[in-house]
Amino acid sequence: MASVVYVLTKSYNSLPLGDGCLRLVGDIPLLVGERCRGRYLVVEKGRGVRAATGQAAGSVVYVASGPPRKVVVGEGVLRIEDGLDLFDDFVKKGLWRELESAFFAAVARYASRCIYCTALAEATFLTPPHPRRGSGMFVEVVRQAKTYRVLVVSAPGHSDVFKREVERLFHLSAHIYAIRLGIPLDAPLDLYAQSRPVAAKPAHVVKLAETKLAVWGHA
């Protein structure tokens, strides 16, 4: 991903691109053939978020109205993709609060659809996260040199607990290196046992320290 990306929101809703302008109308990005001065956000990876005007370079823009979307502009055609990677190398400085509602919308959308809900994050935190287990959910934490890698998994019927926990981690974070929702696990997790009395310890076969995503290298 580029070190600088452009973002449209309801408050910062126009971006000059060449001889045209990308405007956010409601939640829909539209490319129009007229020039505009622009009012948009710039996310500087590893640094923070600021407002900007004027011509922008590049053909990839994020929309942070509802769940984040990546808009790729090419020959007058807009291609829309998932945009959760907007929060890769995301530092909560400057105007970052303009984007937090998009993160919460992404989590809410995923939680409304998932059965076994999973999230994996790597970040630095204002308050270190702690492992938790119970109520159909567990949180596993691995401390690394400068960051924490956190895995959140919930059983069927506990997506509301999952949603609150992922939102809590976002609130506690200072610098998010990466976060993914719906990650595949190495093997199924028996979390049903957490919701009823059992004699045996619930099975847990995920080795978080060995879980890797291509975008991460902060061991």
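## The open sheet

In this predicted model, six strands form an open sheet in the order β6-β5-β1-β7-β8-β9, and their pairing is mixed. The edges are held by β6 (48-52) and β9 (77-82), each of which pairs on one side only, and the twist from one strand to the next averages 35°.

At one end of that order, strand β8 (residues 69-74) runs antiparallel to β9 and is joined to it by 6 bridges; within this pairing, Val-73 has Leu-78 of β9 as its bridge partner. Helix α1 packs on the sheet, where it touches β1, β5, β6 and β9, and the direction of α1 makes about 80° with that of β5.

## Nonpolar cores

The largest nonpolar core has 41 residues, and those with the most contacts inside it are Phe-87, Leu-99 and Phe-103. Among the elements that give two or more residues to this core are β1 (4-8), β5 (40-44), α1 (97-111) and α2 (159-172), with α1 supplying the largest share, 8 residues.

Leu-99 touches, among residues beyond four places away in sequence, Val-7, Leu-41, Val-43, Phe-87 and Phe-90. Apart from the largest core lies another, of 14 residues, which includes Tyr-6, Leu-15, Leu-24 and Val-61.

## Surroundings of Pro-29

Pro-29 lies in strand β4 (residues 28-32), and it counts as buried because its relative accessibility is 9%, which falls under the 20% cut-off. Leaving aside residues up to four places away in sequence, the contacts of Pro-29 include Leu-22, Leu-24, Val-63, Val-71, Leu-78 and Ile-80, together with Arg-23 and Arg-69. Pro-29 and Ser-14, which are 15 residues apart in sequence, have a C-alpha to C-alpha separation of 9.2 Å.

Note on methods:
Residues numbered from 1 in each chain as written. Predicted model: local features only at pLDDT ≥ 70, side-chain atom pairs only at ≥ 80, totals over all residues. Heavy atoms only, no water. Helix = DSSP H or I, 4+ residues; strand = E, 2+ residues; numbered from the N terminus. Buried < 20%, exposed > 50% of the residue type's maximum accessible area, 1.4 Å probe, protein only. Contact = heavy atoms within 4.5 Å. Core = buried A, V, L, I, M, F, W, Y, C linked by side-chain atoms within 4.5 Å. Pairing = 2+ DSSP bridges. Axes fitted to C-alpha atoms, helices over the stretch in contact; angles between N-to-C directions.
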